[in-house]
Amino acid sequence: MLSRVKSAVANFMGGIMAGGSEHGAGAGAGGSDLPLRFPYGRPEFLGLSPDEVECSADHIARPILILKETRRLPWTTGYAEVINAGKSTHNEDQASCEVLFIKKKTGVTFTPSKNSSVKRRSSLPNGEGLQLKENSETDGITCHYWSLFDGHAGSGAAVVASRLLQHRLVDQLQDIVDILKNSAVLPPTCLGEEPEQPPGHRTLTRAASLRGGVGGPGSPSTPPTRFFTEKKIPHECLVVGAIESAFRAMDLQIERERKTYNISGGCTALIVLYMLGKLYVANAGDSRAIIIRKGDVTPMSSEFTPETERQRLQYLGFMQPHLLGNEFTHLEFPRRVQRKELGKRILYRDFNMTGWAYKTIEDDDLKFPLIYGEGKKARVMATIGVTRGLGDHDLKVHDSNIQIKPFLSPAPEVRVYNLLQYEHGADDVLILATDGLWDVLSNEEVAGAITSFLPNCDPDDPHRYTLAAQDLVMRARGVLKDRGWRISSDRLGSGDDISVYVIPLLHGNKLS
Ligand code: MG
């Protein structure tokens, strides 16, 4: 246990655990004789040669990578990235961006990889997928997909998720595509009060689902309605459920395939799905999405860290104390409790508390706290600094057999933004970025940078959003001076991997 504490202290003091990252989780990144599921590389849409990938990994020069002139992403999305300042060999962030066409499953059984009725559009080297809307739209629904993953303890999970999560999402959306296709233009919202439904609007009811979606009130085989609660499920909630299920399926796939392949570490996941006039932003981890409209910021995600998820984690430790391995206490104290303090009174916080109260110190309170540290240094079991994401199935507390995975969740928070509800100008954008950006720039600083940068670009230049992404990465990385990377006001620049999308919202309005 002492070595574990030392390791934790080193981390809090700014030390870097071997093979680790700012998310912690240094353990478990060891070598493996198994083949890689996918080779390491940078996002496919960047179209880099092996030499270019190698050059991009210069931890001293830290070149900022942007989309090539010949490359286009849907909606003329901008993208830029830079590698870390030396905390890991590889850039452990990953990204993918695609146009997906969702078609109903055919047949009774379904094998996605071989018998798929889904046509996944390519990475769009020239943006040709943008004209898909009129192409066989009656057979299915065209969606747009952007993703960001921030890996830790190896790049394996992030690479796999960047290649496969969209497939798991398509699997789920196929189940509901017929219902969504037949819906009205403006399905009711999943959040808050349900608005009045337009004529012809169909909702999937619990009763309908229990009957396999056939029949209805009054049909011969239907039992009296008093036995069935007609719970109305808005279509928007079906999409949210599909996304949540896709995250879960992706995590299970990594768990399965790590027995056959070397899939190292874990990753956070932030995705955006554009479907039927709405943006669905799903986040599991500490990346962040914000919308900037007319200079105002609308947060589209919240971060999942040991601090923000303290009560969930403590409750799990309380309910299943064996997960703590007799080494940790689920209680939180303002500082480490020392043996000589036994019998004294100390402030503490349990899973059901937001405030603090006094308790008498007992033997159990001398164990290492389940959650320890503050801000970016907060860790679960002195090991990992993010509490949601994909992978990490083999992650253990240093020098022990205590599993961390039971405390981690692949469940994303999903927020919905109705593009049809607002008018958007050419400078209104959705920003997605890994924590490398947000560690050093606030939402307001990013909004200020965007609103001063974009109006000075040619509005017809399709590259303007990539230039804006490059500007943001530059502001967060800074310039190398005698005392390290520095940004404005001589603040410390981000030493983490930084990846940024700038997605213009005007294009979404045009498509809608
Ligand atoms: Mg990061």
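Start by selecting strands β5 (residues 140–152) and β8, which run antiparallel and are joined by nine bridges. Strands here are DSSP E runs of at least two residues, helices are H or I runs of at least four, and both are numbered from the N terminus; two strands pair if DSSP finds at least two bridges between them. The model is predicted: local features need pLDDT of at least 70 and side-chain atom pairs 80 or more, while totals for chains, interfaces and linings use all residues. Residues are numbered from 1 along each chain as its sequence is written, and side-chain values use heavy atoms, without hydrogens and water.

Zoom in on L148, which stands opposite L270 in β8.

Next, select β8 alone, residues 266–275, where 10 of 10 residues are buried (under 20% relative accessible area with a 1.4 Å probe, protein chains only; exposed is over 50%, partly exposed in between). In a regular strand, side chains alternate between the two faces of the sheet. One side of β8 carries G266, T268, L270, V272 and Y274, and the other C267, A269, I271, L273 and M275.

Add β9 (residues 278–284), joined antiparallel to β8 by seven bridges. A269 has A284 of β9 as its bridge partner. Between the two strands of this hairpin lie two residues, and L276 takes a positive phi near 50°.

Then add β18 (residues 390–391), antiparallel to β8 through two bridges; its L390 stands opposite C267.

Finally, select the magnesium ion, coordinated by OD atoms of D150, D435 and D496 at 2.1 to 2.2 Å. Donors are N, O and S atoms within 2.8 Å of the metal (3.2 Å for Na, K and Ca), and sites may look incomplete because water is not among the atoms. D435 lies in helix α9 (435–438) and D496 in the loop between β22 (484–486) and β23 (498–504), so the pair ties together parts 61 residues apart in sequence. D435 and D496 are both buried.
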